[in-house]
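Here's a quick tour of a protein chain for you to follow along with. Keep the sequence and the 3D view open side by side as you read.

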Amino acid sequence: MQRYLLLFFAICSASLWAQKTSPLKFRKQMIASESFESVGVADINGDNVPDIMSGSFWYEGPDFLVSHYIGPVTRFNEFYNDFSTIPMEVNGDGRIDFITGGLNKPICWIENPGKDTEWIRHEFGDSVFVETTRVWDIDGDGFEEIVPNSPGNPLIYYAAEKNTTRRPPWKFIKTKIADTQGHGLGFGDINGDGVGDFVLSDGWLEAPSKNPKNKKPTTEWVMHKEFNLGKASVPIIVADVNKDKLADFIVGNAHGYGLDWYEQKKKGRKRSWIKHPIDPYQAQYHTMEWVDIDNDGEKELVTGKRYRAHSGHDAGDNDPPGLYYFKWNGDSFTKNVISFGPIGTGKGTGIYFSIADLRHSGRKDIIVAGKDGLWVFFNEGR
């Protein structure tokens, strides 16, 4: 009898493990053939249903069949000046606006007028090349700051100048962190002092500690040139991948082949990094998200190929696009294919994509734009 019980429990355990580790199923839906490379998700019209906004248009949820014109987006060759779509309520009217930037165009916020007219562009940043833009809470005040990745230019962020009510309308104040930056940008607590640091392509910038031990208080950011990542992804993900209580980071080659994670090692005060390949066979891992896509309580890496990142001039630029999630198995990452194939079949990530529960299903869907069109991948679970 005991033997049969052991066999029964073994079969049940194997079945539960198979259910837990079997790949997710996704249903893809094409939204538009537009070639904007950025897409955001927000409730644009106040009906409590998520909508999609990308480039010159926003699309009404839940089926995204009705589109509305936002306004013109200037273009340079294959590129539109729309390298992020970050939802943010800026002017206090209760409607969601968004943040973007582009090629030699200032960072700006695009005002939602609340009716079917063109949205209004408000520029507030410098006129420099913007690879893309992200938001992180840099100063720890509970509000996210706007951080453009502008290779060859100073690293700066724009913080909303809060009024006494700490609510919009806001003005944006520029703060300089470093004299220059390269291609690639991440943010997270590298040294475990409870304060977020920047990860750049040629090292990491240590933030001034709020509670320095045996040090005089300082406002200076300290550069640690401990690695060189080349043309790195945006973002570079900071996470404790192997659960050893040391922050690691995950980085893609934005304009060539490769996706890797760097394991942090410490011996006394000396810090070193061990490079581990995740996927050396795919090119243009330009953007990524670290999110619990399968609802198991652990985060997965969601990323893919940016199709024609440099208009066909990079190694692998014209390879088939793909979209994947990588699951940490305790020793390495397991690759799960969401979409792969020639143009029209496979789908890449563009330069800024979104993950959101579009149907209130309890599952996170993936919304991707790019030169290969605008698509939704509905998460159908296992």
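What follows is a short briefing on backbone oddities, nonpolar cores and one sheet. Keep in mind that this is a predicted model.

**Unusual backbone spots**

- Some background helps here: most peptide bonds are trans, and most residues other than glycine have a negative phi.
- Look at G61 and P62, which are joined by a cis peptide bond with omega at about 10 degrees.
- You'll find P62 in the loop between strand 4 (57–59) and strand 5 (67–69).
- Another cis bond runs from V234 to P235, and its omega is near 5 degrees.
- P235 also sits in a loop, the one between strand 19 (222–224) and strand 20 (237–239).
- K243 isn't a glycine, yet its phi is positive, at about 60 degrees.
- K243 belongs to the loop between strand 20 and strand 21 (248–252), and this residue is exposed, with a relative accessible area of 52%.
- N295 is another residue other than glycine with a positive phi, near 60 degrees.
- Its home is the loop between strand 24 (288–291) and strand 25 (300–304), where N295 is partly exposed, with a relative accessible area of 41%.

**Nonpolar cores**

- The largest nonpolar core is made of 20 residues, and those with the most contacts inside it are M88, I99, I107, F124, I146, Y158 and F172.
- Which elements give two or more residues to this core? They are strand 8 (86–88), strand 10 (105–111) and strand 14 (155–161).
- Strand 14 is the top contributor, giving three residues to this core.
- Apart from this core there's another one, with 17 residues, including A159, F187, L200 and L205.
- Zoom in on M88: leaving out residues up to four places away in sequence, M88 touches I96, D97, F98, I99, V135, E144, I146 and F172.

**A four-stranded sheet**

- Four strands make an open sheet in the order 24-25-26-27, and the pairing is antiparallel.
- Why do strand 24 and strand 27 (333–340) each have one side without a neighbour in the sheet? Both stand at the edges with a single partner strand each, so one side of each is left free of a neighbour there.
- On average, neighbouring strands of this sheet are turned by 20 degrees against each other, if you ignore direction.
- Strand 25 and strand 26 (residues 322–328) run antiparallel and are joined by four bridges.
- For a closer look, find T303, whose bridge partner in strand 26 is Y324.

Methods
Residues are numbered from 1 along each chain as its sequence is written. This is a predicted model: local features need pLDDT of at least 70, side-chain atom pairs count only at pLDDT 80 or more; totals for chains, interfaces and linings use all residues. Side-chain values use heavy atoms; hydrogens and water are left out. Buried means under 20% relative accessible area, exposed over 50%, partly exposed in between (1.4 Å probe, protein chains only). A nonpolar core is a set of buried Ala, Val, Leu, Ile, Met, Phe, Trp, Tyr and Cys residues joined through side-chain atoms within 4.5 Å. Contact means heavy atoms within 4.5 Å. Two strands pair if DSSP finds at least two bridges between them. Axes are lines fitted to C-alpha atoms, for helices over the stretch in contact, and angles run from 0 to 180 degrees between N-to-C directions.
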